Amino acid sequence: MCGIAQIDVEDWSKYTEFRGGYSASHHVVVWFWKAVRSFDNEFRARLLQFVTGTSRVPMNGFRELQGSNGPQKFCIEKWGSPNDLPRAHTCFNRIDLPPYKDYHTLKDKLKTAVECTGGFEID
């Protein structure tokens, strides 16, 4: 078998938690999942790597995602200003997503954050 396993965005979104005022129905979160769905599978894997430290989905799906201290769901937290890039906390499977004003800005900033990741930052 070669390549990256297909990433199930529905499963990913189903097993996601929210903090800082975001919810599954918040427009920024809706835009986030719209952007994720628009990406090809390779870029989805890079996004997953950016946030969790691994590009691989657990064998039984996102419900079994692990953090540094055991089971840890993917988390989207409201943080920063619309001028900021998203930032990730790989130990906690968390992306800090600023309150962007429109979909295209969110998508562009998300792509920039993932593409320009040069290494790890210690929290």
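**Exercise 1. Cysteine 75 and cysteine 91**

Task: Decide whether cysteine 75 is buried or exposed, and find how many disulfides the structure holds.

Solution.
Step 1. Cysteine 75 has a relative accessible area of 1%. Buried means under 20% relative accessible area, exposed over 50%, and partly exposed in between, with a 1.4 Å probe and protein chains only. Cysteine 75 is therefore buried.
Step 2. The model is predicted, so local features need pLDDT of at least 70 and side-chain atom pairs count only at pLDDT 80 or more, while totals for chains, interfaces and linings use all residues. Residues are numbered from 1 along each chain as its sequence is written, and side-chain values use heavy atoms, with hydrogens and water left out.
Step 3. A disulfide is a covalent bond between the sulfur atoms of two cysteines. Here the test is a pair of cysteine sulfur atoms within 2.5 Å.
Step 4. The closest cysteine sulfur to that of cysteine 75 belongs to cysteine 91 and is 14 Å away, too far for a bond. Cysteine 91 is likewise in no disulfide.
Step 5. The search of the whole structure gives 0 disulfides. Cysteine 91 has 38% relative accessibility, so this residue counts as partly exposed.

**Exercise 2. Helix α3**

Task: Compare the span of helix α3 with the expected one, and state which elements its buried residues pack against.

Solution.
Step 1. Helices (H or I, at least four residues) and strands (E, at least two) are DSSP runs, numbered from the N terminus. Helix α3 covers residues 41-52, which is 12 residues.
Step 2. The expected span of a helix is 1.5 Å times one less than its number of residues. For α3 this gives 16 Å, and the distance from the first C-alpha to the last is close to that, at 16 Å.
Step 3. In α3, 9 of the 12 residues are buried, so the helix is largely enclosed by the rest of the structure. Among them are Phe43, Arg44, Leu47 and Phe50.
Step 4. These buried residues pack against α1 (9-14), α2 (27-38), β4 (74-78), β5 (87-89), β6 (94-97) and α4 (103-115).
Step 5. Just after the helix, glycine 53 takes a positive phi of about 90°.

**Exercise 3. Helix α2 and its neighbours**

Task: Check the span of α2, then describe the ring pair of tryptophan 12 and tryptophan 33.

Solution.
Step 1. The 12 residues of α2 should span 16 Å, and its end C-alpha atoms are 16 Å apart, which agrees.
Step 2. The buried residues of α2 include Val28, Trp31, Phe32 and Trp33. The buried residues of this helix pack against α1, β1 (16-19), α3, β4, β6 and α4.
Step 3. Rings of Phe, Tyr and Trp (its six-membered ring) pair if their centres lie within 6.5 Å; planes under 30 degrees apart count as stacked, over 60 as edge-to-face and the rest as tilted. The structure holds 7 aromatic pairs.
Step 4. The ring centres of tryptophan 12 and tryptophan 33 are 5.6 Å apart and the planes stand at 75°, so this pair is edge-to-face. Tryptophan 12 lies in helix α1 and tryptophan 33 in helix α2, 21 residues apart, so the pair links distant parts of the chain.
Step 5. Both residues are buried: tryptophan 12 has 0% relative accessibility, and tryptophan 33 has a relative accessible area of 6%.
Step 6. Ring pairs link Trp12, Phe32, Trp33, Phe62 and Phe74 into a cluster.
Step 7. Serine 13 lies in helix α1 and touches Trp33 and Arg37, not counting residues up to four places away in sequence; contact means heavy atoms within 4.5 Å.

**Exercise 4. Strand β6**

Task: State in which sense β6 pairs with β4 and with β5, and where asparagine 93 is found.

Solution.
Step 1. Two strands pair if DSSP finds at least two bridges between them. β4 and β6 pair in the parallel sense over 4 bridges, with lysine 78 opposite leucine 97 in β6.
Step 2. β5 and β6 pair in the antiparallel sense over 3 bridges, with histidine 89 opposite arginine 94 in β6.
Step 3. In a regular strand the side chains alternate between the two faces of the sheet. In β6, Arg94 and Asp96 point one way and Ile95 and Leu97 the other way, and all are buried.
Step 4. Asparagine 93 is found in the loop between β5 and β6. Its phi is near 55°, a positive value in a residue other than glycine.
Step 5. At 0% relative accessibility, asparagine 93 counts as buried.
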